[in-house]
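This report introduces the pocket and the ligand of one protein model. Please view the sequence and the structure below before reading on.

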Amino acid sequence: MSDCIFCQIIAGDIPSTKVYEDDEFLAFEDVSPEAPVHTLIVPKKHYHSLNDDIPADVLGRLYKLVPYVAELKGVHDSGYRTVANTGDDANQTVHHLHVHIIGGKQLSEHSS
Ligand code: AMP
């Protein structure tokens, strides 16, 4: 989608700091990090959110990438939080499915 920020990052039209890339997914640093490690993983194909009709194998590969990217970022063993905000009440601001990987410090007990 041409008006989607993450599609523009995937296309290389908006710069990003890449952490990982393959044919199907891209991981890049969040521009406004909430913690020392704050990386986003996105499918290259545009889905608005988890509410879309996403094939289970795509979701499976996406979430299998999480510990790998966590390893790349050095938080695999120390721990990290994954977040996939969906819709208005969750304050989803970019309507392209993405998983946040947040870590590198002791996080608050609850995220609400
Ligand atoms: P969400 O609120 O779950 O939709 O998260 C969207 C995330 O995308 C936020 O944490 C933003 O800081 C991040 N973000 C927005 N624009 C960019 C960008 N150009 N490069 C990297 N991260 C971005």
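In what follows, Ala, Val, Leu, Ile, Met, Phe, Trp, Tyr, Cys and Pro count as nonpolar, Asp, Glu, Lys and Arg as charged, and the others, Gly among them, as polar. The model is a predicted one.

**The pocket**

By these classes, the lining of the largest pocket comprises twelve nonpolar, 13 polar and five charged residues. The volume of this pocket is about 660 Å³. Its lining consists of 30 residues, and those closest to the centre of the pocket are D30, E34, H38, L40 and H100.

Five elements of secondary structure each supply at least two residues of this lining: the helix α1 (5–11) and the strands β2 (25–29), β3 (37–43), β4 (80–83) and β5 (99–103). Among the contributors, α1 gives the most to the lining, with three residues.

**The ligand**

The space that the ligand takes is the largest pocket. The ligand is surrounded by 16 residues, of which the closest are D30, N85, T93, H98 and H100. This shell has seven nonpolar, seven polar and two charged residues. Both α1 and β2 supply at least two residues of the shell, and the largest share, three residues, comes from α1.

Which atoms of D30, N91 and T93 lie close to oxygen atoms of the ligand? The table sets out these polar contacts.

| Residue | Protein atom | Ligand atom | Distance |
|---|---|---|---|
| D30 | side-chain N or O | oxygen | 2.5 Å |
| N91 | polar backbone atom | oxygen | 3.1 Å |
| T93 | backbone N or O | oxygen | 2.7 Å |

Taken alone, the ligand exposes 500 Å², and the protein buries 83% of that area.

**Residues in both descriptions**

D30 and H100 are listed with the residues closest to the centre of the pocket, and D30 and H100 are also listed with the residues closest to the ligand. For D30, the contact with a ligand oxygen atom involves the side chain, whereas for T93 a backbone atom takes part.

Technical notes:
Residues are numbered from 1 along each chain as its sequence is written. This is a predicted model: local features need pLDDT of at least 70, side-chain atom pairs count only at pLDDT 80 or more; totals for chains, interfaces and linings use all residues. Side-chain values use heavy atoms; hydrogens and water are left out. On a 1 Å grid over the protein atoms alone, a cavity is a set of points where a 1.4 Å probe fits but cannot get out, and a pocket is an open set with protein on both sides within 12 Å along at least five of seven lines; lining residues have an atom within 4 Å of a point. Grid points are joined across faces, edges and corners, and a volume is the space filled by probe spheres set on the points. Helices (H or I, at least four residues) and strands (E, at least two) are DSSP runs, numbered from the N terminus. A residue is near a molecule or strand if one of its heavy atoms lies within 4 Å of it. A polar contact is a pair of N or O atoms within 3.5 Å; within protein, one must be able to donate a hydrogen and the other to accept it, and residues adjacent in sequence count only if both atoms are side-chain atoms. Accessible areas come from the Shrake-Rupley method with a 1.4 Å probe; for residues, only the protein chains shown count as cover. A molecule sits in a cavity or pocket if more than half of its atoms lie within 2 Å of its grid points.
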